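Hi,

Here is the structure I promised to pass on. Have a look at it first, and then read on for my notes.

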Amino acid sequence: MPHVVTTIAELRADIARARQEAGLAEPAGDAARRVVLVPTMGALHDGHLRLVGQARDLGDFVVVSIFVNPLQFGPGEDLDRYPRTLEADVAALDGLADVVFAPSAAEMYPQGETSTRVTAGEVGTLFEGASRPGHFDGMLTVVAKLFGIVQPDVAVFGQKDAQQVHLVGRMIEDLNLPMTLVVVDTVREDDGLALSSRNRFLQTADRAAAVALSEALAAGAGAAADGLEAALTAARTRIDGEPAVKLDYLVIVDPLSFLEATPGHHGQALMLVAARVGTTRLIDNRRITIP
């Protein structure tokens with residue numbers, strides 16, 4: 001089983017010991033991918049475990065953080081409802097992670113909410129940021145704290161949270177952080193539904209309806225050869241055909257800027273969708289090509 005630690009001091013001691021014992025502090029050329037961090041909020045599913053498995057392949061010492069970060073939940077959001085399954089999570093990480101860092105909110109924010117924040121800028125106010133004001137500032141702040149605590153050589157994130165991945169990558173670049181970001185493709189159920197910790201809240205009928213999100217993205221990708229508007233129309237048509245799905249946004253963005261693609265956009269793009277199915281809010285995305 002991985003070693004479970006709850007304090008920053010314990011975690012830093014474990015990492016220092018691992019670096020010393022394995023000689024991980026020494027330059028190793030292409031093998032310099034040493035300490036690998038996978039930040040999570042717990043309630044681990046196969047998608048998370050795919051990230052940790054990738055981390056295991058990339059590094060010598062794998063740290064998985066499990067922390068439900070209050071800074072990224074707004075008023076009325078599901079902070080208290082968010083599932084907390086630490087014992088099961090630790091068991092699932094057996095053989096994959098070396099250390100699980102499971103701090104309390106008081107450990108991470110001993111003086112309450114921090115007055116210092118990392119801001120996500122314009123992109124942080126769009127799409128998920130428009131629906132969840134302040135979410136990305138809270139996310140980047142805790143990720144920056146985790147990077148400072150762990151000082152990883154590599155951090156592993158999932159493509160399902162595409163806007164989060166973009167903002168973390170930009171933060172690493174903008175702040176010249178000495179680390180590499182690795183992004184793992186979205187893991188899906190057999191019917192295409194993207195794995196999410198929130199899927200457990202779907203009632204049976206809602207679960208059947210939720211597949212409309214991934215099917216809409218597939219329809220958009222199939223129509224992309226006819227242009228951006230054709231892709232959006234095809235995707236919207238599939239969403240509109242599922243009354244249980246209440247669309248929040250459906251948009252195509254330039255993957256470099258994460259701003260909405262203009263009508264003249266050609267080449268690689270990213271289609272994003274967010275919707276409420278029953279009482280559960282889901283997101284998904286897919287890479288597409290506009291010729």
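Does Arg 281 count as buried or exposed? Keep in mind that this is a predicted model. Arg 281 comes out at 18% relative accessibility, and the cut-off for buried is under 20%, so Arg 281 counts as buried.

So what does Arg 281 touch, leaving aside its neighbours within four places in sequence? The contacts are Glu 128, Ser 131, Arg 132, Arg 198, Asp 248, Tyr 249, Ala 274, Ala 275 and Arg 276. Two acidic side chains in that list deserve a click. The side chain of Glu 128 makes a polar contact with the side chain of Arg 281 at 2.7 Å, and the side chain of Asp 248 makes one with Arg 281 at 2.6 Å. If you want a sense of scale, the C-alpha atoms of Arg 281 and Ala 13 are 39 Å apart, with the two positions 268 residues apart along the chain.

Now for the strand around it. Arg 281 belongs to strand E9, which covers residues 280–290, and Ile 283 is in strand E9 as well. Not counting residues up to four places away in sequence, Ile 283 is in contact with Glu 128, Lys 160, Asp 161, Leu 213, Tyr 249, Val 273 and Ala 274. Glu 128, Tyr 249 and Ala 274 therefore turn up in the contact lists of both Arg 281 and Ile 283. From Ile 283 to Val 273 the C-alpha distance is 5.7 Å, although they sit 10 residues apart in sequence.

Next, the sheet. Three strands, in the order E7-E8-E9, make an open sheet with antiparallel pairing. E7 (245–253) and E9 are at the edges with a single partner strand each, so each has one side without a neighbour in the sheet. On average, neighbouring strands are turned by 15° against each other, ignoring direction. Helix H9 (residues 228–240) packs on this sheet and touches E7, E8 and E9, with its direction at about 165° to that of E7. E7 and strand E8 (residues 267–277) run antiparallel and are joined by 8 bridges; one of the pairings is Val 245 in E7 with Val 277 in E8.

On to the rings. How many aromatic pairs does a search of the whole structure find? The count is 4. Phe 67 and Tyr 109 make a tilted pair, 6.1 Å from centre to centre with 50° between the planes. This pair links distant parts of the chain, 42 residues apart: Phe 67 is in the loop between strand E3 (61–66) and helix H3 (86–92), while Tyr 109 is in the loop between helix H4 (105–108) and helix H5 (128–131). Phe 67 counts as buried at 6% relative accessibility, and Tyr 109 is buried with a relative accessible area of 6%. The pair of Phe 73 and Tyr 82 is edge-to-face, because the planes stand at 75° with the ring centres 6.1 Å apart. Phe 73 and Tyr 82 are both buried. Ring pairs also link Phe 127, Tyr 249 and Phe 258 into a cluster.

Last, two arginines over rings. The charged end of Arg 81 sits over the ring of Phe 201, 3.9 Å from the ring centre. Arg 132 lies over the face of Phe 73, with 5.9 Å to the ring centre.

Cheers

Conventions: Residues are numbered from 1 along each chain as its sequence is written. This is a predicted model: local features need pLDDT of at least 70, side-chain atom pairs count only at pLDDT 80 or more; totals for chains, interfaces and linings use all residues. Side-chain values use heavy atoms; hydrogens and water are left out. Helices (H or I, at least four residues) and strands (E, at least two) are DSSP runs, numbered from the N terminus. Buried means under 20% relative accessible area, exposed over 50%, partly exposed in between (1.4 Å probe, protein chains only). Contact means heavy atoms within 4.5 Å. A polar contact is a pair of N or O atoms within 3.5 Å; within protein, one must be able to donate a hydrogen and the other to accept it, and residues adjacent in sequence count only if both atoms are side-chain atoms. Rings of Phe, Tyr and Trp (its six-membered ring) pair if their centres lie within 6.5 Å; planes under 30 degrees apart count as stacked, over 60 as edge-to-face and the rest as tilted. A charge sits over a ring if NZ of Lys or CZ of Arg is within 6 Å of the ring centre and within 35 degrees of the ring normal. Two strands pair if DSSP finds at least two bridges between them. Axes are lines fitted to C-alpha atoms, for helices over the stretch in contact, and angles run from 0 to 180 degrees between N-to-C directions.
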